[in-house]
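Visitor: I have a chain open here and would like to go through it with you. Can we start with the fold and then move on to the pockets?

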Amino acid sequence: MTAEHAHDLPKPLLLAAGALVLAAILLVIVGDDLPQAPPTTPDAIVSSHEVRLRTLEDGAIVPVLADGTRLPAIRAEQAGFVSGVIRGLSRGRKLSGSDADAPYRLSRMRDGRLLLTDTVTGTEIDLDVFGRDNARTFAELWEQGEARAAGKSYLTDSAP
C-alpha cells in the first residue's frame with residue numbers, strides 16, 4: 001500500500017454516506033405528502049383562560065387572569081420551565097413588534113392536553129410534549145382559572 005492511498009475511506013462507508021444523503025433528499029421531496037397532526041380546532045378545546053404572566057425581580061411569576069384576578073405566585077425555584085416558555089414567546093413578540101403585556105391563552109383540549117397560545121402571534125405550544133412535571137405548573141394555572149370560573153377561591157388578591 002502506498003502512502004497516498006493510506007487515508008482513503010472504505011468503500012462501504014462511502015456507499016452508506018451516499019445512501020444517507022439520498023434518503024434525506026427523498027424525505028424532503030415526499031415529506032409534504034406524509035400524514036400530519038390535524039390543526040387545533042376550537043371545538044377540540046374544552047375550556048380556556050387568558051392569563052398574563054408577569055415576572056418579578058426575584059424570578060417568581062405572578063399569573064393574572066384577564067379579569068384582573070391575581071393567582072398565587074409561582075415561586076422562582078418552581079418557575080424554571082414557565083420562565084423558559086415565556087422568554088421564548090416574548091422573543092417572538094419582540095421580533096414582531098407586538099404588545100409584550102398581552103395575555104396568553106391556556107386551553108385544556110378534549111383529549112386532555114394543555115395548549116398555550118400566544119394571543120398576539122398565534123404561536124401554539126403543546127405543553128404536554130415537555131413531560132408531565134413541566135406541564136404540571138401550567139395545569140395548576142388552568143385548574144385555578146377553572147376554580148375562578150366556577151366561583152371557588154384558589155385565588156389571592158386582585159392585581160394592582
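Guide: Along the sequence, the elements of the chain come in the order α-β-β-α-β-β-β-α. Keep in mind that this is a predicted model.

Visitor: How many helices and strands is that?

Guide: The chain has 3 helices and 5 strands.

Visitor: What share of the residues is buried?

Guide: Of the 160 residues in the chain, 29% count as buried.

Visitor: And the surface, how much area does the chain expose?

Guide: The exposed area is about 10600 Å², and 57% of it is supplied by carbon and sulfur atoms.

Visitor: For contacts between residues at least 6 apart in sequence, what percentage joins residues at least 24 apart?

Guide: That figure is 50% for the chain.

Visitor: On to pockets. What volume does the largest pocket have?

Guide: The largest pocket has a volume of about 230 Å³. It is lined by 13 residues, and those closest to its centre are Ile74, Gln78, Val82, Thr137 and Glu140.

Visitor: Which helix gives the most to that lining?

Guide: α3 does, with 6 residues in the lining of the largest pocket. Both α2 (80-96) and α3 (132-149) supply at least two residues there.

Visitor: How does the lining of the largest pocket divide into nonpolar, polar and charged?

Guide: There are 6 nonpolar, 5 polar and 2 charged residues in the lining of the largest pocket.

Visitor: What about the second largest pocket, how much space lies in it?

Guide: The second largest pocket holds about 170 Å³ of space.

Visitor: Which residues line the second largest pocket?

Guide: Its lining includes Arg52, Leu53, Ile86, Arg91, Arg93, Lys94, Asp101 and Tyr104. α2 provides the largest share of this lining, 5 residues, and β1 (45-55) also supplies at least two.

Visitor: And how many of the residues in that lining are charged?

Guide: The lining of the second largest pocket has 5 charged residues, along with 5 nonpolar and 2 polar.

Visitor: Change of topic. Where is glycine 112?

Guide: Glycine 112 sits in the loop between β3 (104-109) and β4 (114-118).

Visitor: Why does glycine 112 count as partly exposed?

Guide: Because its relative accessibility is 31%, and partly exposed covers the range between under 20%, which is buried, and over 50%, which is exposed.

Visitor: What separation is there between the C-alpha atoms of glycine 112 and alanine 44?

Guide: The two C-alpha atoms are separated by 9.9 Å, while glycine 112 and alanine 44 are 68 residues apart along the chain.

Conventions
Residues numbered from 1 in each chain as written. Predicted model: local features only at pLDDT ≥ 70, side-chain atom pairs only at ≥ 80, totals over all residues. Heavy atoms only, no water. Helix = DSSP H or I, 4+ residues; strand = E, 2+ residues; numbered from the N terminus. Buried < 20%, exposed > 50% of the residue type's maximum accessible area, 1.4 Å probe, protein only. Contact = heavy atoms within 4.5 Å. Areas by Shrake-Rupley, 256 points an atom, 1.4 Å probe, with all protein chains shown as cover. 1 Å grid on protein atoms, 1.4 Å probe; cavity = no way out; pocket = protein on both sides within 12 Å on 5 of 7 lines; lining within 4 Å. Points joined across faces, edges and corners; volume = space filled by probe spheres on them. Nonpolar A, V, L, I, M, F, W, Y, C, P; charged D, E, K, R; others polar.
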